[in-house]
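Trainee: I should like to learn how to read the side-chain features of a protein model. May we go through one together?

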Amino acid sequence: MIEKHLVLEDIDPVMFYGVGNGHLQMLKALFPKLRIVARDNVIRVLGDEQQMAVFEESVEKMRQHVLKFNALKEEDILDITRGKRLNDDVPDDVVCYSISGRAIKARSQNQQRLIDAYHENDMVFAVGPAGTGKTYLSIALAVKALKEKTAKKIILSRPAVEAGEKLGFLPGDMKDKIDPYLQPLYDSLEDMLPQVKLQDMMEKHVIQIAPLAFMRGRTLNDAVVILDEAQNTTPAQIRMFLTRMGWNTKMIITGDTSQIDLPHSQKSGLIEALHILNNVEGIGVVNLTQKDIVRHKLVTRIVNAYEEYDKEVKSE
């Protein structure tokens, strides 16, 4: 008899063990010659050497399956332990999978252009109205890079600009005051990474979410860096951010030039950067429109109505 400790790296053990440890109980029934005990992300196995080898190989295949698809079904476990070959190829059009197992992919032609631009360039500007999936798709690309180990970390940033509310009146310390501005980034990450895994990655600084002001003085290497709501940066801020780029790093800058919350006298850094960097090699620019809106159908109508109103005001 031998004993081994198997570590479930890069995945949420809760997803692997199943609801009420259902998957774990299933494995115990399938491998009766082994004593299997799981704690946190470590599986302790004691028993027959031959069955141990099969179990170890099966656990690794299951881990890889969870890593790719954020899901594990009972039929997957049966197929793997019986030696059946699973179709583990992720379709070319899928970026990654949500924690519910839903495929995250482009839902419009311009969203596909954003994905293509990311692969073809080291820096991409994604500009368009609310609901076009700019931020969500960008974060999905970053999560994919992390899972495939083409990047060592994800860095997400936003300018902390008030949209009608005053930051100083919010309760709590600086983190409490800043977090509401960063919540949309948390929301997207929580849809793609299990809560326990996301918390662990944030504690280890594999995923970093910080206001734009915290970027000064840093050089960002081996990362996917996303600047969201870039229309609310000043020219000096976005220039500072863009020059943080280090080796083996990709940057995605998203924004909506129709929703600028800066004082009227202040020029948007995003608009200036688009003008200055438009023809620079290695920088991609993708413009999304109302046709790319993937939220509730009313969002499209609201965006259109406000655009018509803005045109009327300008013509007066």
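**Reading side chains in a predicted model**

Mentor: Let us begin with one polar contact: a polar atom of the side chain of serine 268 lies 3.3 Å from the backbone nitrogen of leucine 270. A polar contact is a pair of N or O atoms within 3.5 Å; within protein, one must be able to donate a hydrogen and the other to accept it, and residues adjacent in sequence count only if both atoms are side-chain atoms. This is a predicted model, in which local features need pLDDT of at least 70 and side-chain atom pairs count only at pLDDT 80 or more, while totals for chains, interfaces and linings use all residues. Residues are numbered from 1 along each chain as its sequence is written, and side-chain values use heavy atoms, leaving out hydrogens and water.

Trainee: Which backbone oxygen does the side chain of serine 268 reach?

Mentor: The side chain reaches that of glutamine 231, at 2.9 Å. Serine 268 counts as buried, at 4% relative accessibility (buried means under 20% relative accessible area, exposed over 50%, partly exposed in between, with a 1.4 Å probe and protein chains only).

Trainee: How is a pair of aromatic rings described?

Mentor: Such a pair is described by the distance of the centres and the angle of the planes. Rings of Phe, Tyr and Trp (its six-membered ring) pair if their centres lie within 6.5 Å; planes under 30 degrees apart count as stacked, over 60 as edge-to-face and the rest as tilted. By this rule there are 3 aromatic pairs here. One of them joins phenylalanine 16 and tyrosine 17, edge-to-face, with 5.9 Å from centre to centre and 85° between the planes. Phenylalanine 16 is buried, at a relative accessible area of 1%, and tyrosine 17 is buried at 8%.

Trainee: Why is the pair of phenylalanine 31 and phenylalanine 55 edge-to-face?

Mentor: The planes of these two rings stand at 85°, with the centres 5.1 Å apart, so the pair is edge-to-face. Both phenylalanine 31 and phenylalanine 55 are buried.

Trainee: What tends to happen to nonpolar side chains?

Mentor: In soluble globular proteins, they tend to be buried together. A nonpolar core is a set of buried Ala, Val, Leu, Ile, Met, Phe, Trp, Tyr and Cys residues joined through side-chain atoms within 4.5 Å. In this model the largest such core has 35 residues, of which Ile139, Leu156, Leu189, Ile207 and Ile209 touch the most other members. Apart from it lies another core, of 24 residues, including Leu6, Leu34, Phe55 and Ile80.
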